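User: I would like to learn how to read the features of a structural model, one at a time. Please give the general idea behind each feature and then the case at hand.

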Amino acid sequence: LIASKLLVLTAREDTTLTDIAELISQDMALSTKILRVANSSFYSFPQQISSINQAVSILGLNAVRSLVLSFSFLSLGKRRKKSLFDFEQFWQRSLVEAAGTKLILEQLPNVNTEEAFTCGLLQNIGELIFATTNHQQYDQLLESMLTQESFAPGAQEAELHRLEQEILGINHTDVGYEVAKMWGLPESLLLPIRYHHQPLAYEGKEQKHLQTIRATYLAGLLAQIFYSSTPEVYHKQFRQEAKQLLGLKVIGVNTVLKL
């Protein structure tokens, strides 16, 4: 998988943009998608981008990594047609969380948001790992969720963790963290995967990590506004916790909620 190779490669200090371009060029379909994005109206570059080397150089490492992850992970869901796991909604939610994490951190002063999109995109990667590598048991787990009565806000995530631990022996935050660690990802990406559902559990002193963990957690609340049957509950919760966890002002909260 090009995405996993890219993650390992970008975690190395001696990696060059040429190394990244050469890796992406090995996948013609992925290269075509990257070039389409680079030449889209979203970026509106004055000149035509005609090579992956150009695209990587102009877009930058973090943007290219985010695009490769998005395209590569999206393709995984196409391999399994019969599954209770909603791959399409997972991708939509992941993109909301990715954009949300970046937008939330942009409301804070003097914060580097280069890795924010990737953090948001990867935070629930453990769910995808379960659904693609252990799909029978994960379908069993999801079926158990479906047979239960409606959940109180926030309780569904807790129940999902409980069932993952009971049926699979590990929950998706831990498996996502361990796999990402095997990929050689830095702590700045690992810690949000591990703590994004329990932001107060992080006891480290690094302000950057603390802010990113809390931003990914809040981005999860944003996604619930889109996909929950009780969006007003999560809307109110986001307003309260954005202020409590990151000190966001009303104007910043309103900016994010326009997402």
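Analyst: Let us begin with a helix. The model is predicted. In helix 15, which spans residues 250-257, the buried residues are Gly252, Val253 and Val256. These residues span an arc of only 100° around the axis, which places them on the same side of helix 15.

User: Why do residues three or four places apart point the same way in an α-helix?

Analyst: An α-helix has 3.6 residues a turn, so residues at a spacing of three or four places point the same way. In the present case, Val250 and Ile251 are exposed on the other side of helix 15.

User: Against which elements do the buried residues of helix 15 pack?

Analyst: They pack against helix 6, helix 13 (207-227) and helix 14 (231-246).

User: How should one read the packing of two helices, for example the angle between helix 1 and helix 2?

Analyst: The angle is taken between the N-to-C directions of the axes, and over 145 degrees counts as roughly antiparallel. Helix 1 packs with helix 2 (residues 17-25) at an angle of about 170°, and their axes are 10 Å apart. Helix 1 is therefore roughly antiparallel to helix 2. On the helix 1 side, the residues that meet helix 2 are Ile2, Lys5, Leu6, Leu9 and Thr10. Their counterparts in helix 2 are Asp19, Ile20 and Leu23.

User: Turning to the interior, how many residues does the largest nonpolar core have, and which have the most contacts inside it?

Analyst: A nonpolar core joins buried residues of nonpolar type through their side-chain atoms. The largest one here has 33 residues, and Phe85, Tyr138, Leu141 and Leu185 have the most contacts inside it. Among the elements that give two or more residues to this core are helix 1 (2-10), helix 6 (87-105), helix 9 (135-147) and helix 12 (187-195). Helix 8 gives the most, with five residues. Apart from this core lies another, of 20 residues, which includes Ile104, Leu105, Leu245 and Leu248.

User: Which residues does Phe85 touch, not counting those up to four places away in sequence?

Analyst: Phe85 touches Phe90, Glu127, Leu128, Ala131, Tyr138, Asp139 and Leu142.

User: Where is His196, and is it buried or exposed?

Analyst: His196 is placed in the loop between helix 12 and helix 13. Its relative accessibility is 1%, so His196 counts as buried. The side chain of His196 reaches two backbone oxygens: that of Pro192 at 3.0 Å and that of Ile193 at 2.9 Å. Not counting residues up to four places away in sequence, His196 touches Gln123, Asn124, Thr173, Ile213, Thr216 and Tyr217.

User: What is the phi of Asn110, and where does Asn110 lie?

Analyst: Most residues other than glycine have a negative phi. Asn110 has a positive phi of about 55° although it is not a glycine. Asn110 belongs to the loop between helix 6 and helix 7. At 85% relative accessibility, Asn110 counts as exposed.

User: How does Gln148 read, in terms of its place and its contacts?

Analyst: Gln148 is located in the loop between helix 9 and helix 10. Its relative accessible area is 32%, so Gln148 is partly exposed. With neighbours within four places in sequence left aside, Gln148 is in contact with Glu159 and Leu163. Gln148 and Tyr227 are 79 residues apart in sequence, and their C-alpha atoms are 18 Å apart in space.

Definitions and conventions. Residues are numbered from 1 along each chain as its sequence is written. This is a predicted model: local features need pLDDT of at least 70, side-chain atom pairs count only at pLDDT 80 or more; totals for chains, interfaces and linings use all residues. Side-chain values use heavy atoms; hydrogens and water are left out. A nonpolar core is a set of buried Ala, Val, Leu, Ile, Met, Phe, Trp, Tyr and Cys residues joined through side-chain atoms within 4.5 Å. Buried means under 20% relative accessible area, exposed over 50%, partly exposed in between (1.4 Å probe, protein chains only). Helices (H or I, at least four residues) and strands (E, at least two) are DSSP runs, numbered from the N terminus. Contact means heavy atoms within 4.5 Å. The arc is that of the directions from the helix axis to the C-beta atoms. A polar contact is a pair of N or O atoms within 3.5 Å; within protein, one must be able to donate a hydrogen and the other to accept it, and residues adjacent in sequence count only if both atoms are side-chain atoms. Axes are lines fitted to C-alpha atoms, for helices over the stretch in contact, and angles run from 0 to 180 degrees between N-to-C directions. Angles under 35 degrees count as roughly parallel, over 145 as roughly antiparallel, 65 to 115 as roughly perpendicular and the rest as oblique.
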